[in-house]
Amino acid sequence: MNKEDYVLCGENIYKEYILAKNLIGKPIKVFKSVKGIELGVKCGETLGVVGESGSGKSTTGEILGDLQKPTSGNVYYMGKNISEMTDEEYRKYRGDVQFIFQDPKSSMNPKFNIYEVLKEPLITLGIMSEGEEMDNLIKDYIQKVGLDEDILNKYPSRLSGGQCQRIAIARALIVRPKVIICDEPVSALDVSVQAQILNLLRDLQKELKIAYIFISHDIGIVNYMSDRIAVMYLGEIIETGTADEVFATPKEDYTKKLISCALI
Ligand SMILES: Nc1ncnc2c1ncn2[C@@H]1O[C@H](COP(=O)(O)OP(=O)(O)OP(=O)(O)O)[C@@H](O)[C@H]1O
Ligand SMILES: [Mg+2]
C-alpha cells in the first residue's frame, strides 16, 4: 500500500493477546485477534469496517488511534510512522485523530457537566485557554450537533443516549480533527435516533471535510455511510471495494451472508 495516499493507515498489523504463561513466564496460550491487516482512509472519505462480533474491528480501530499497541506492524499518519514521531508530531496526531464510541455516557467523566466535557480536550491539547473565545466555540459546536445551549450546565447522567452521542460528536469535532474513528456509534441507540445521528455525521463530514473510519457489525449502515468498505472475518480483511461494489456484487460468501442478514 502507498502510505502517501492515506491520511491514516495501518500496515501489516498483528495483535496477539497472551492468555496464559508457564512458570518461567513464557506464553503458552496466545490469541491472535488481528492478523496482518492493511487498511487506510483517505482525506475526507469514509472507510467502513464491517464484520461480526469478535472479528477484530475495535482492535483495529484502537491500534490506528494508538489506544493500544500492535504486536507487530506500523501505523502511519500523514505518511509518518507514529512510533517514530517527534513529541510535537505525536501531539498533533493525537489531536487530529479522534474517537466516537458506542456508549457515549461511559466515555464521559460523570463529574463533568457538558461545558466541562467540551472544555477538556481544548485544554488538554493546548488549543485555547478559558475565556470568551472558548465559550463561543463551545456554543458553536453545541449548535452544530443540533442541541440547545442550556444543555451545557447539565451532567451526562441527565441526558438521553442520543443527546449524549451528539455531545460525544461535538467533543470529537471541537479540536478540528482530520479523522474520526467511529466505533459502533449508533448501536446503543433507538432506530429513530440512529438515523438522526448517522445523518448528522454525514452532514458534518461534508461541512468539515473529515475522514471517518466507520466501524459497525451492520453492513446496511456501513453501506449507507461509506465510500469504501473493508469486510473483516476472524481478524483478517477478507474483502474490500467501493461500498457500491461490495454491497451490490459481494465476492465472498461471508459478505453475502452479512448482506442477507442486513436486508431482513
Ligand atoms: N484484552 C484482550 N484479551 C484477550 N482477548 C481480547 C482482548 N481484547 C479483545 N480480545 C479478543 O479479540 C477479538 C477481537 O476483539 P474486538 O473487540 O476487536 O472485536 P470486534 O470486531 O470489535 O467485536 P464487537 O463487534 O463485539 O465489538 C475477540 O475475539 C476478543 O475476544
Ligand atoms: Mg467492537
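Let's start with aspartate 66, which has a relative accessible area of 9% and so counts as buried, since anything under 20% gets that label. Keep in mind as we go that this is a predicted model. Aspartate 66 isn't on its own: it forms a salt bridge with lysine 69, and the closest N and O atoms are 3.0 Å apart. Its partner sits differently, because lysine 69 has a relative accessible area of 54% and is exposed, the mark for that being over 50%.

Now look for a second bridge of this kind. Aspartate 96 pairs up with lysine 92, with the closest N and O atoms 2.6 Å apart. Both of these residues belong to helix H2, which covers residues 87-96, and they are four residues apart, or about one turn of the helix. Aspartate 96 is at 6% relative accessibility, so it is buried. Lysine 92, at 47%, is partly exposed. One more bridge to find is the one between glutamate 11 and lysine 3, where N and O are 3.3 Å apart. How many salt bridges are there in the count? It comes to eight.

Next, the aromatic rings. The count of aromatic pairs is four. One of them joins phenylalanine 99 and phenylalanine 101: the ring centres are 5.2 Å apart and the planes meet at 5°, so this pair is stacked, as planes under 30 degrees apart are. Phenylalanine 99 is buried, at 12% relative accessible area, while phenylalanine 101 is partly exposed at 30%.

Another pair brings together tyrosine 233 and tyrosine 254, with 4.4 Å from centre to centre and 40° between the planes, which makes it tilted. To find it, go to strand E9 (residues 228-233) for tyrosine 233 and to helix H9 (residues 253-262) for tyrosine 254; the two are 21 residues apart, and the pair links distant parts of the chain. Here too the partners differ in cover: tyrosine 254 is buried at 13%, and tyrosine 233 is partly exposed at 33%. Elsewhere, ring pairs tie Tyr77, Tyr90 and Tyr93 into a cluster.

Rings can also have charges over them. Which residue lies over the face of tyrosine 224? That is arginine 202, at 4.2 Å from the ring centre. In a similar vein, the charged end of lysine 144 sits over the ring of tyrosine 141, at 5.5 Å from its centre.

For a look at the surface, turn to Tyr17, Leu19 and Phe31, which make a nonpolar patch of about 290 Å². Phenylalanine 31 is in strand E2, residues 27-41, and is partly exposed with a relative accessible area of 44%.

From there, head to helix H5, residues 161-173. The helix has 13 residues and reaches 18 Å from its first C-alpha to its last, close to the 18 Å expected at 1.5 Å a residue. Is H5 mostly covered or mostly uncovered? It is mostly covered, with 11 of its 13 residues buried. Among the buried ones are Cys164, Ile167, Ile169 and Leu173, and the list also includes charged-type names such as Arg166 and Arg171. Just past this helix, arginine 176 lies in the loop between H5 and strand E7 (179-183). Arginine 176 is exposed, at 51% relative accessible area.

The backbone at arginine 176 is worth a look as well. Its phi is near 50°, a positive value in a residue other than glycine. Most residues other than glycine have a negative phi. Methionine 78 is another case, with a positive phi of about 50° although it is not a glycine. You'll find methionine 78 in the loop between strand E4 (72-77) and strand E5 (80-81), where it is partly exposed at 46%.

Our last stop is proline 104, in the loop between strand E6 (97-100) and helix H3 (114-124). Proline 104 is buried, with a relative accessible area of 6%. The C-alpha atoms of proline 104 and glutamine 163 are separated by 9.3 Å, although the two residues are 59 apart along the chain. Glutamine 163 falls within the residue range of helix H5, 161-173, so you can trace a path from this loop back to the helix you visited earlier.

Technical notes. Residues are numbered from 1 along each chain as its sequence is written. Chains are lettered from A and ligands numbered from 1 in the order in which they are written. This is a predicted model: local features need pLDDT of at least 70, side-chain atom pairs count only at pLDDT 80 or more; totals for chains, interfaces and linings use all residues. Side-chain values use heavy atoms; hydrogens and water are left out. Rings of Phe, Tyr and Trp (its six-membered ring) pair if their centres lie within 6.5 Å; planes under 30 degrees apart count as stacked, over 60 as edge-to-face and the rest as tilted. Buried means under 20% relative accessible area, exposed over 50%, partly exposed in between (1.4 Å probe, protein chains only). A charge sits over a ring if NZ of Lys or CZ of Arg is within 6 Å of the ring centre and within 35 degrees of the ring normal. Patches are made of residues with over 30% relative accessible area and no salt bridge: like charges are joined within 9 Å, nonpolar side chains (Val, Leu, Ile, Met, Phe, Trp, Tyr) within 5 Å. Accessible areas come from the Shrake-Rupley method with a 1.4 Å probe; for residues, only the protein chains shown count as cover. A salt bridge is a side-chain nitrogen of Lys or Arg within 4 Å of a carboxyl oxygen of Asp or Glu. The expected span of a helix is 1.5 Å times one less than its number of residues.
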